[in-house]
Amino acid sequence: DQARKAAKANWRLPTRDELSGLVEIPCGLPQSAKKAFPDFDPYHPSYWSSTAPDADLAWEVGFDNGSTFNGFRTAPNAVRLVRTGK
């Protein structure tokens, strides 16, 4: 919720499918993607998506192994914003 409020202009939270497209199962974030995300923290590998099955949960994507799972939206996790348009 904080990331959505902080996003400006064309920036937004990515969907679960968009985030999942960055990782490989079971390897996680490939070397080529690690160059694009140099601040990737292997100790906090889960990132929120905008995909939410209900008001209390949202899908997370594990950049360490490509897993997807529901998490409580109140839990502190990292975000990766994406830009729509130009």
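Modeller: Two strands count as paired if DSSP finds at least two bridges between them, while strands themselves (E, at least two residues) are DSSP runs numbered from the N terminus. The model is predicted, so local features need pLDDT of at least 70, side-chain atom pairs count only at pLDDT 80 or more, and totals for chains, interfaces and linings use all residues. Residues are numbered from 1 along each chain as its sequence is written, and side-chain values use heavy atoms, without hydrogens or water.

Biologist: In what order do the 3 strands of the open sheet lie?

Modeller: The pairing within this open sheet is antiparallel. Strand E2, residues 46-48, and strand E4, residues 68-72, are the edge strands, each of them pairing on one side only. Read across the sheet, the order of the 3 strands is therefore E2-E3-E4.

Biologist: How many bridges join strand E3 to E4?

Modeller: Strand E3 covers residues 57-62 and runs antiparallel to E4. Within this pairing, tryptophan 59 of the model stands opposite asparagine 70, which belongs to E4. The number of bridges joining strand E3 to E4 is 5.

Biologist: Why is the pair formed by the rings of tyrosine 47 and phenylalanine 63 given the class that it has, and which class is that?

Modeller: The structure holds 1 aromatic pair (rings of Phe, Tyr and Trp, the last by its six-membered ring, with centres within 6.5 Å; planes under 30 degrees apart are stacked, over 60 edge-to-face, the rest tilted). The ring centres of tyrosine 47 and phenylalanine 63 lie 4.5 Å apart. Because their planes stand at 40 degrees, the pair is classed as tilted.

Biologist: How many residues apart in sequence are the parts that this pair ties together?

Modeller: Tyrosine 47 lies in strand E2, whereas phenylalanine 63 lies in the loop between E3 and E4. The pair therefore ties together parts whose separation in sequence, counted in residues, is 16.

Biologist: Is phenylalanine 63 buried or exposed?

Modeller: Buried means under 20% relative accessible area, exposed over 50%, and partly exposed in between (1.4 Å probe, protein chains only). Tyrosine 47, its ring partner, has a relative accessible area of 3% and is buried. For phenylalanine 63 the relative accessible area is 1%, so this residue is likewise buried.

Biologist: How far apart in space are arginine 73 and leucine 29, C-alpha to C-alpha?

Modeller: Arginine 73 is found in the loop between E4 and strand E5, the latter covering residues 82-83. With a relative accessible area of 23%, arginine 73 is partly exposed. Arginine 73 and leucine 29 are 44 residues apart in sequence, and their C-alpha to C-alpha distance is 23 Å.

Notes
Helices (H or I, at least four residues) and strands (E, at least two) are DSSP runs, numbered from the N terminus.
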